[in-house]
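Load the model in your viewer with a cartoon representation and keep the sequence panel open. The stops below are given in the order in which to select them.

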Amino acid sequence: GPPAHERLARLAKARDDAKDLMGQPPARWENECDGLFKEFRLACVHLRREREVLDMLDDKESVWRFICKFCRERPFQHDRCTEVLRILMLCDKWMEKFGKDPDVDIKDLPAAIADEFSKRVDETDPGRQPGEQRPSPSRNPFKSDSGPPPLPPPAESMGPTPMMPSGLSVVVQRCVRARVMVDERTKQYGEIGRGLVVSVSFSQQATSDRVRSAARFLLAARLSTAGDSAPFTMGRASGLGSDAESVVDLCKRGIDQGVLIIPQASLASSVGGDDWGLSYSSWCTQDSASNLYKLFADSLRNFAYDLVQGTANARQPVIVAGDFNGRQFMEVASEGPFMHSFNF
């Protein structure tokens, strides 16, 4: 492979690009952060066995701020974020910089690694005395008195177990065609051909950043299909999802795609008592949900345009949004729903 100084130069370039992107308008961040994180991740992976070279990088603070923001706004990338964090956690100098920076916070990192990461920050703090508990933004919020309580242990009785809180929940399935009533008064329907049907619910933790992140993910993730693959055979492991492509990639090739969304508040539910009654206490208000639903639809349209434009023979996806306040008359035809659920 390339010599160490070339790999370090690649890491430095990713750092400089990240620092620049942090100061750019939100639209540019949304369009470029995934590609930039990919470059930084590859640079880290290529230096994972050379900690002394990793430690040579200056301005580690800019990298940490980029990573924290990326983790916060791209929850569906947490596995790859964790891979990078485990590499950097081996380097004392990187952890020291994180612990001293007031502009970074462990609560932005994936919860699965937060406790381990917090211990590493404490281990590399030269001013900390044994047993000393120091308040700091870098401490694990899931272990502090001010943080949310831990999830209860699974009950011995049957029934669903509690889920981690999320801002919005979506259920996605493929379709070959679908339509939904968009105006009950005039009996007007909006229709799509092949593409995705998305049900979405908003809870009290929903934010505009999470909504935009979810919209971009649904367009860029490999959830749809061109529809020209061989039939799936049960028991053949390679069949499931082998034809999956993203809406964006298909549209760039000139293949028609659509995304139909409907509000489905019942996705944000939990078991509310010993009688297994359903509780909807996590719902956000009707006005807030309506505004977030509009933002979700607008974000899908805006990201679709930005991600597909500029490619020869490309086709923009059709985005159809069911009426938030009306009844949901809907028809869906599918060759196999390939259904997924996500929380953001």
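**Stop 1: strand β1**

Select β1 to begin: 6 of its 8 residues are buried, so β1 is largely enclosed by the rest of the structure. The strand covers residues 168-175. Bear in mind throughout that this is a predicted model.

Before going further, zoom out once to take in the chain. Its secondary structure amounts to 10 helices and 12 strands. Of the 344 residues in the chain, 42% are buried. Among contacts between residues at least 6 apart in sequence, 75% link residues at least 24 apart.

**Stop 2: the sheet around β1**

Now add the partners of β1. In which order do the strands of this open sheet lie? The 5 strands follow the order β10-β7-β4-β1-β12, with mixed pairing. At the edges are β10 (318-321) and β12, each of which pairs on one side only. On average, neighbouring strands in this sheet are turned by 20 degrees against each other, direction ignored.

Look at the two sides of β1 in turn. Towards β4, the pairing is antiparallel and runs over 8 bridges. Select Gln173 there, and its bridge partner in β4 is Val197. Towards β12, β1 is joined by 4 bridges, again with the strands running antiparallel. Two pairs can be picked out on this side: Val170 stands opposite Phe342 in β12, and Val171 stands opposite Ser341 in β12. In a regular strand, side chains alternate between the two faces of the sheet.

**Stop 3: helix α8 on the sheet**

Select residues 208-220, which form helix α8. Which strands does α8 touch where it packs on the sheet? They are β1, β4 (195-202), β7 (258-263) and β12. The direction of α8 makes about 20 degrees with that of β1.

Keep α8 displayed and add helix α10, residues 286-308. The two helices pack at an angle of about 45 degrees, and their axes lie 9 Å apart. That angle makes α8 oblique to α10, because oblique covers what is neither roughly parallel (under 35 degrees) nor roughly antiparallel (over 145) nor roughly perpendicular (65 to 115). The crossing of α8 and α10 is right-handed.

To see the contact itself, show side chains on both helices. From α8, the participants are Ser208, Val211, Arg212, Ala214, Ala215, Arg216, Leu218 and Leu219. From α10, they are Leu292, Leu295, Phe296, Ser299, Leu300, Phe303, Ala304 and Leu307. Sorted by class, the contact of α8 with α10 has 12 nonpolar, 2 polar and 2 charged residues.

**Stop 4: Arg74**

Select Arg74, in the loop between α4 (60-73) and α5 (78-88). Is this arginine, Arg74, buried or exposed? Its relative accessible area is 0%, so Arg74 is buried. Leaving aside residues up to four places away in sequence, Arg74 touches Glu30, Cys33, Asp34, Ser213 and Arg216. Arg216 has already appeared on this tour, as one of the α8 residues that meet α10.

**Stop 5: helices α6 and α7**

Move to residues 92-100 (α6) and residues 111-123 (α7). These helices pack at about 95 degrees with their axes 8 Å apart, which means that α6 is roughly perpendicular to α7. Asp92, Met95, Phe98 and Gly99 on the α6 side meet Phe117, Arg120 and Val121 on the α7 side. The residues of this contact divide into 4 nonpolar, 1 polar and 2 charged.

**Stop 6: the three-stranded sheet**

Next, select β2, β3 and β11. These 3 strands form an open sheet in the order β3-β2-β11, with antiparallel pairing. The edge strands are β3 (188-192) and β11 (330-333), each pairing on one side only. Neighbouring strands here are turned by 20 degrees against each other on average, direction ignored.

Strand β2, residues 177-183, pairs with β3 in the antiparallel sense over 5 bridges. Within that pair, Arg179 stands opposite Glu191 in β3.

**Stop 7: two residues with positive phi**

Finish in the loops. Lys187 is in the loop between β2 and β3. Its phi is near 55 degrees, a positive value in a residue other than glycine. Lys187 counts as exposed because its relative accessibility, 53%, is over the 50% cut-off.

The last selection is Phe338, in the loop between β11 and β12 (340-343). Phi of Phe338 is near 45 degrees, also a positive value in a residue other than glycine.

Notes:
Residues are numbered from 1 along each chain as its sequence is written. This is a predicted model: local features need pLDDT of at least 70, side-chain atom pairs count only at pLDDT 80 or more; totals for chains, interfaces and linings use all residues. Side-chain values use heavy atoms; hydrogens and water are left out. Two strands pair if DSSP finds at least two bridges between them. Axes are lines fitted to C-alpha atoms, for helices over the stretch in contact, and angles run from 0 to 180 degrees between N-to-C directions. A crossing is left-handed if the near helix is turned anticlockwise from the far one by less than a right angle, and right-handed if clockwise. Contact means heavy atoms within 4.5 Å. Ala, Val, Leu, Ile, Met, Phe, Trp, Tyr, Cys and Pro count as nonpolar, Asp, Glu, Lys and Arg as charged, and the others, Gly among them, as polar. Buried means under 20% relative accessible area, exposed over 50%, partly exposed in between (1.4 Å probe, protein chains only).
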